[in-house]
Amino acid sequence: MDSAADLEKIKECGVVGSGGAGFPTHVKLKAEVGTFIVNAAECEPLLHKDKELLKNYPDKIIDGLKTAMELVGAYEGIIGIKGKYKDVIDLLKPLLPHGVRIHPMRDFYPAGDEFTMVYEITGKVIPPGGLPLAVGVVVSNVETLYHIGLQKPVVSKFLTVAGYLENPVTFEVPVGVTIREVLYGAGVERPDDKTVLLGGAMMGKVAENLDTPVTKTLGGIIVLPVDHPLALKYTRTSGSSIRVGKAGCDQCSFCTELCPRYLLGHPLKPHIAMRSLVFNRQGTDPHMGSLYCCECNLCSLYACPEDLDPKLVCAESKKAIFDSGMRPENLGSPEAHPLVNERRAPLSRLMRKIGLHELTNKGPLTPYPIPVLKVTIPLSQHIGAPCEPVVVQGSQVVKGDLIGRVPEGKLGAPVHSSIDGMVSKVTKSAIVIERF
Ligand code: SF4
Ligand code: SF4
């Protein structure tokens, strides 16, 4: 296939960045760069679905990588993966095409943050407010490359279910199945009695409604007892965090000194954001550096000795700045801090700090054990405009059929049916399909 046909195929299949906000991949791959990085770092504690994908489908992922490298014109491809995954590295090495190599990474958090990874691998600092493109790099995650290699509509999601359950597991589930069903499949009998984090222990969000559907971008589910210290941190209210932060911050600046973006030379200083609380609720005089916070949570869950929540304050400041119409500026390439390598947060220490040290990172790829009778496919699972339905109530569909297309001239990615069945409901936000 030629480049235009490859891009069209990726677009038709609805491939999006599966590890983040879901940026449409066919748009990302219109770039021209020399270096293509595969983000296989998986730094979130207990999550490892990319490792499982690499173990089970290395050929498809390499095919996807070769296509992606050709599209952007990259002369080198680099797979950034934790050095501790020696079995996966050994499996991949003989399969690597010309120009592709493995970069074994140290076991720290957040090694998978795009800015941190690009610095670790290339020594270049992406400017604050910039993209990897600014330093001649495109970064893609493993599952996205798998879908490029597969050349089929994206109708399933790989995710790890881990935490306090008997048998942690990695599943491939149809897009649109509920979180509750996935938990039942993983053997969690009373999911309503747990705190469930969607996305990971560090950057996840508490699942407010277990009947919401799995989307193309969910990478993991963490199950915690409701009285686990990490669960309690996630469920404390923003108001109480701000009140405690006002009184409790002693301005030790550990949050700043360990912040991965500050360590890259970005103008982000969470202790300054905390200081502003003394004078106001953030918003009237927010710390402008908050715009460059990636919300990795390291300051709140690892650095702060007072158990305060500088990440929340930075996130709220960022929101206030955005709401006022300001946008990040591209400030040019700064210099990384001279101690950036010494100040990394080792995963083992982080796990102890957040109370997950008694758990091990396990859970092989296992067939999902429950028949899926109904799916709810959101029309917006990506950055850009929501899809427009192309089916109506009563339409019969088979797995892989187009059910929602991108509005003419808009950024987005189409959505497809993930099971065979009949459309039972079409709303502005989702399409429900039930098996015959
Ligand atoms: S680490 Fe905690 S106590 Fe120290 S400056 Fe930051 S928020 Fe304040
Ligand atoms: S969450 Fe905290 S540590 Fe992470 S980038 Fe933001 S300020 Fe820095």
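The domain bounds used below come from an automatic or database domain assignment. The structure under study is a predicted model.

**Exercise 1. Describe the division of the chain into domains, and state how domain 2 relates to domain 4.**

Solution.
Step 1. Four domains are assigned: domain 1 covers 3-150, domain 2 covers 156-228, domain 3 covers 235-353 and domain 4 covers 374-434.
Step 2. Between the centres of domain 2 and domain 4, taken over C-alpha atoms, the distance is 23 Å.
Step 3. The two domains touch: nine residues of domain 2 are in contact with seven residues of domain 4.
Step 4. On the side of domain 2 that touches domain 4, four residues are nonpolar, four are polar and one is charged.

**Exercise 2. Determine how compact the chain is for its length.**

Solution.
Step 1. The secondary structure of the chain consists of 15 helices and 18 strands.
Step 2. The radius of gyration of the chain is 22 Å, and the globule rule gives 22 Å for 436 residues.
Step 3. Because these values are close, the chain is as compact as a globular protein of that length.
Step 4. As for its outline, the C-alpha atoms fill a box of roughly 60 × 50 × 45 Å along the principal axes.

**Exercise 3. Establish how α7 is oriented against helix α4, and describe their contact.**

Solution.
Step 1. Helix α4 spans residues 58-72 and helix α7 spans residues 142-150. Their axes lie 7 Å apart, at an angle of about 85 degrees.
Step 2. Angles of 65 to 115 degrees count as roughly perpendicular. The two helices, α4 and α7, are therefore roughly perpendicular to each other.
Step 3. From α4, the contact draws on Lys 60, Ile 61, Asp 63, Gly 64, Leu 65, Thr 67 and Ala 68. From α7 come Val 142, Leu 145, Tyr 146, His 147, Ile 148, Gly 149 and Leu 150.
Step 4. By class, this contact holds eight nonpolar, four polar and two charged residues.

**Exercise 4. Describe how α7 meets helix α3.**

Solution.
Step 1. Helix α3 covers residues 49-56; its axis and that of α7 come within 9 Å and cross at roughly 35 degrees.
Step 2. Asp 50, Leu 53 and Leu 54 of α3 meet Val 142, Glu 143 and Tyr 146 of α7.
Step 3. This contact has four nonpolar, no polar and two charged residues.

**Exercise 5. Characterise the surroundings of ligand 1.**

Solution.
Step 1. The shell around ligand 1 has 15 residues, of which Cys 249, Cys 252, Cys 255, His 271 and Cys 304 are the closest.
Step 2. Two or more residues are given by each of α11 (254-257) and α12 (270-275). The most come from α12, which gives three.
Step 3. Sorted by class, the shell contains ten nonpolar, three polar and two charged residues.

**Exercise 6. Carry out the corresponding analysis for ligand 2.**

Solution.
Step 1. Ligand 2 has 15 residues around it, and those that come nearest are Cys 259, Cys 293, Cys 296, Cys 299 and Lys 311.
Step 2. At least two residues each are supplied by α13 (298-303) and α14 (310-323). With three residues, α14 gives the most.
Step 3. The shell divides into eleven nonpolar residues, one polar and three charged.

**Exercise 7. Locate Pro 110 and Glu 295, and state the backbone feature of each.**

Solution.
Step 1. Pro 110 is placed in the loop between β4 (108-109) and α6 (114-122). The peptide bond leading to Pro 110 from Tyr 109 is cis, with omega near 0 degrees.
Step 2. Glu 295 is found in the loop between α12 and α13. Although Glu 295 is not a glycine, its phi is positive, at about 60 degrees.

Note on methods: Residues numbered from 1 in each chain as written. Chains lettered and ligands numbered in written order. Predicted model: local features only at pLDDT ≥ 70, side-chain atom pairs only at ≥ 80, totals over all residues. Axes fitted to C-alpha atoms, helices over the stretch in contact; angles between N-to-C directions. Helix = DSSP H or I, 4+ residues; strand = E, 2+ residues; numbered from the N terminus. Parallel < 35°, antiparallel > 145°, perpendicular 65-115°, else oblique. Nonpolar A, V, L, I, M, F, W, Y, C, P; charged D, E, K, R; others polar. Near = placed C-beta within 6 Å. Rg over C-alpha atoms; globule rule 2.2 N^0.38 Å.
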